[in-house]
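Hi everyone, thanks for letting me take this slot. Let's put the chain up on the screen and walk through it together.

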Amino acid sequence: MTAINENTALNAGDGAESDDEAKLQILKGAAFLTTVASAGMIAGFGSTLALAKKKSPDWFNKGVAATAAVPESGASLALRALGWGSLYAWCGVGLLSFTVWKVLGVHSLSEFRLKMQSFFPSIPKTAEAAGSEPLDWDSVFKSNDESTRHKD
């Protein structure tokens, strides 16, 4: 009887380790995605700023400092717009996600995953697992009239 208890305790310990590993993997994935998204945003903003300065350096320099005609500089206006836009985007996505969560009636991420798997078809990992030939894009974009003309 003690051998069974020890074996059960070992299995329970393995489950705790796998849970910790899964959480660590999720955290690593979230950190990676956050880093990639941040780098993309910085690169996009920087390249747009450089392009604007290259196209019209005089107008760019006028927008950097506030003047009597324009009490707010272009840079501060852009930062304010970026802040409000980011706030609206975060709130919009959060509200949409919360609405979908409540409409589906799920209580955890695993339930949400299972619910989504029941709605959408599974994606095969390889082309062989799909059980079909590669998709012929020409046949996809042909109209029905064209396909019936060729059959006649």
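Okay, here's my opening question: which residues make the nonpolar surface patch? Have a look while I say one thing up front: this is a predicted model.

Right, the patch. Phe45, Leu49, Leu79 and Leu82 make it, and it covers about 390 Å². Two elements each give two or more residues to that patch, namely α1, residues 2-55, and α3, residues 74-104.

Let's zoom in on one of the four. Leu49 sits in helix α1. Is Leu49 buried, partly exposed or exposed? Its relative accessible area is 40%, and exposed would need over 50% while buried would need under 20%, so Leu49 counts as partly exposed.

Now step back to the whole chain. It has seven helices and zero strands, so if you read the elements off from the N terminus, you just say alpha seven times: α-α-α-α-α-α-α. How much of the chain is buried? Of the 152 residues, buried ones make up 2%. The chain exposes about 13,600 Å², and 66% of that comes from carbon and sulfur atoms.

Next, a pair of helices. When two helices pack, people describe them by the angle between their axes and the distance between the axes. Here, α3 packs with helix α4, residues 109-119, at an angle of about 80°, and the axes are 11 Å apart. Angles from 65 to 115 degrees count as roughly perpendicular, so that's what we call α3 relative to α4.

Who does the touching there? On the α3 side we have Val100, Trp101 and Leu104. They meet Leu109, Phe112, Lys115, Met116 and Phe119 on the α4 side.

Last stop: Trp59, which you'll find in helix α2, residues 57-64. Buried or exposed? Trp59 has a relative accessible area of 64%, and the cut-off for exposed is over 50%, so Trp59 is exposed. If you want a distance to try on screen, go from Trp59 to Gly74: 15 residues apart in sequence, and 9.9 Å apart in space, C-alpha to C-alpha.

That's my tour. Thanks for listening!

Technical notes:
Residues are numbered from 1 along each chain as its sequence is written. This is a predicted model: local features need pLDDT of at least 70, side-chain atom pairs count only at pLDDT 80 or more; totals for chains, interfaces and linings use all residues. Side-chain values use heavy atoms; hydrogens and water are left out. Patches are made of residues with over 30% relative accessible area and no salt bridge: like charges are joined within 9 Å, nonpolar side chains (Val, Leu, Ile, Met, Phe, Trp, Tyr) within 5 Å. Accessible areas come from the Shrake-Rupley method with a 1.4 Å probe; for residues, only the protein chains shown count as cover. A salt bridge is a side-chain nitrogen of Lys or Arg within 4 Å of a carboxyl oxygen of Asp or Glu. Helices (H or I, at least four residues) and strands (E, at least two) are DSSP runs, numbered from the N terminus. Buried means under 20% relative accessible area, exposed over 50%, partly exposed in between (1.4 Å probe, protein chains only). Axes are lines fitted to C-alpha atoms, for helices over the stretch in contact, and angles run from 0 to 180 degrees between N-to-C directions. Angles under 35 degrees count as roughly parallel, over 145 as roughly antiparallel, 65 to 115 as roughly perpendicular and the rest as oblique. Contact means heavy atoms within 4.5 Å.
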